[in-house]
Amino acid sequence: MEELVSIIVPVYNAEKYLDRCLESILGQSYKNIELIVVDDGSTDQSRYVCERYARCDSRVKLIFQEKKGVLVARLRGLAEANGVFIGWTDADDWLEPAYIEKLMLLQRDSEADIVAVAHFLDIGDDHTVVKNGIKAGTYPCRDIFGRMLCTGSFFEYGITPHLVSKLFKAETLKKITEIDSRIIAGDDAAVLYPAIAEADTICISEMSGYHYVQHASSITKNAYTREVERIEVLIEYLTGQFARKHIADIMQKQLLAYRNYLLALRQIEYFDKNKEDDIILSPYGGVHKGERIVIYGAGVLGQKIYRYLKKVDEHMIAAWVDKNYAVYSGRGLAVASPEVIQDMLSKIDHIIIANITERIAESIRNYLLEMNVPGEKIRWFTYDFREP
């Protein structure tokens, strides 16, 4: 008999995406599922969409609460779960029909406490597979502690933090207690990495069947206040969790790199707070105010750098480019094709590669060199920044 799998879906104002999400879960080839939907105080029609599915399928369990944030919603769902195994889905994403079945087959073959797979990152019609940094296999968790957060390349996760691409034994998750309710930044990581520290074995696979969708409201990233404080709360919490499991020394360097990664991604101007007034973008080795800059990349980091330069001196931005420029420009961002660089080489001082992953940054660098961009004009994070 198939063991019960609880799928937890936190929902907040997701009415546009809920039908596809919930139908993809209820339509899974693996039928013995419990779908726990936690509405976190939605103000749109999300509640009524959820109630419609609950009336039609007895496997749907609805929970309504005042808005408390996604982490609290997930933990509330976990507390109500009856499944032997726990999976997660975000309300604006969707699953391929055999996704849960494939996760369960991996678990049965490996008998692992946690199964970690790849996922699709959907940007428009572009579907990129995002894999874990540790190669496929089944490992004692103690054997991957030294690289589970960061493989050693900046910044490449050993195990990606996304809960949605993981399957957990419920008994493993329920060993995690006293999660800091202040955590907003890195709420997935706050559950995943302590769970790995509690588990005995983990199965890593390159299978993918989860579609993580970058839609209009997520592709244009909002700027939040108090980002530094939020990141420090997460790092403090993870440090305490690792200390409790006596692996703090193993995790220290990874946590420092993770902190720099999160700060660069969310609040890159933080690194300029103690620098000379004329120098900005210190993680890139520093550029002088007034220099002409091309930003290559329109994801989270690119958007942060663009906003930062607009605030410092908008005339510094010679161009903002990305290979997916059509998608981003369709969202109202001033992003152009990288080909425009060829016509302005003599008028720019630096091209800032706004991508956080070394492997991708190197690919962009090679592409720029093929366009005859002088190597000295291409900037990525300095060694000192990547190796704190």
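In the predicted model, the charged end of Arg47 is placed over the ring of Phe64, at 3.8 Å from the ring centre. A second arrangement of this kind involves Lys67, which lies over the face of Tyr12 at 3.9 Å from the ring centre.

A further charged residue, Glu34, belongs to strand β2 (residues 33-40). Glu34 is buried but takes part in no salt bridge. The nearest side chain of opposite charge is that of Lys61, 4.9 Å away, and a salt bridge requires a separation within 4 Å. Beyond residues up to four places away in sequence, Glu34 touches Leu4, Val5, Ser6, Ile7, Arg59, Glu80, Ala81, Asn82 and Gly83.

Aromatic residues provide a second theme. The structure contains 17 aromatic pairs. In one of them, the ring centres of Phe271 and Phe385 are 5.0 Å apart and the planes stand at 85 degrees, so the pair is edge-to-face. Phe271 is located in the loop between α9 and β11 (279-280), whereas Phe385 is part of helix α13 (residues 383-386); the pair therefore ties together parts that are 114 residues apart in sequence. Both Phe271 and Phe385 are buried. Tyr296 and Tyr367 also form an edge-to-face pair, because their planes meet at 75 degrees, with the centres 6.4 Å apart. Here strand β13 (residues 293-296) contributes Tyr296 and helix α12 (residues 358-370) contributes Tyr367, so that parts 71 residues apart in sequence are tied together. Tyr296 is buried, at 7% relative accessibility, while Tyr367 is partly exposed, at 30%.

Phe271 and Phe385 also belong to one aromatic cluster, whose members include Phe154, Tyr258, Tyr261 and Trp380. Three residues of this cluster, Phe154, Phe271 and Phe385, are in contact with Asn260, as is Pro388, when neighbours within four places in sequence are left aside. Asn260 lies in helix α9 and is buried, with a relative accessible area of 8%. By contrast with these contacts, the C-alpha atom of Asn260 is separated by 34 Å from that of Leu106, a residue 154 positions away along the chain.

The largest nonpolar core comprises 139 residues, and those with the most contacts inside it are Ile159, Tyr193, Ile196, Tyr258 and Ile341. Helix α9 (residues 248-267) supplies the largest share of this core, with 9 residues. Tyr193 touches Ile159 as well as Met148, Leu149, Tyr157, Thr160, Pro161, Leu238 and Phe242, again excluding residues up to four places away in sequence.

Conventions. Residues are numbered from 1 along each chain as its sequence is written. This is a predicted model: local features need pLDDT of at least 70, side-chain atom pairs count only at pLDDT 80 or more; totals for chains, interfaces and linings use all residues. Side-chain values use heavy atoms; hydrogens and water are left out. Helices (H or I, at least four residues) and strands (E, at least two) are DSSP runs, numbered from the N terminus. Buried means under 20% relative accessible area, exposed over 50%, partly exposed in between (1.4 Å probe, protein chains only). Lys and Arg count as positive and Asp and Glu as negative; His and the chain ends are not counted. Contact means heavy atoms within 4.5 Å. A nonpolar core is a set of buried Ala, Val, Leu, Ile, Met, Phe, Trp, Tyr and Cys residues joined through side-chain atoms within 4.5 Å. Rings of Phe, Tyr and Trp (its six-membered ring) pair if their centres lie within 6.5 Å; planes under 30 degrees apart count as stacked, over 60 as edge-to-face and the rest as tilted. A charge sits over a ring if NZ of Lys or CZ of Arg is within 6 Å of the ring centre and within 35 degrees of the ring normal.
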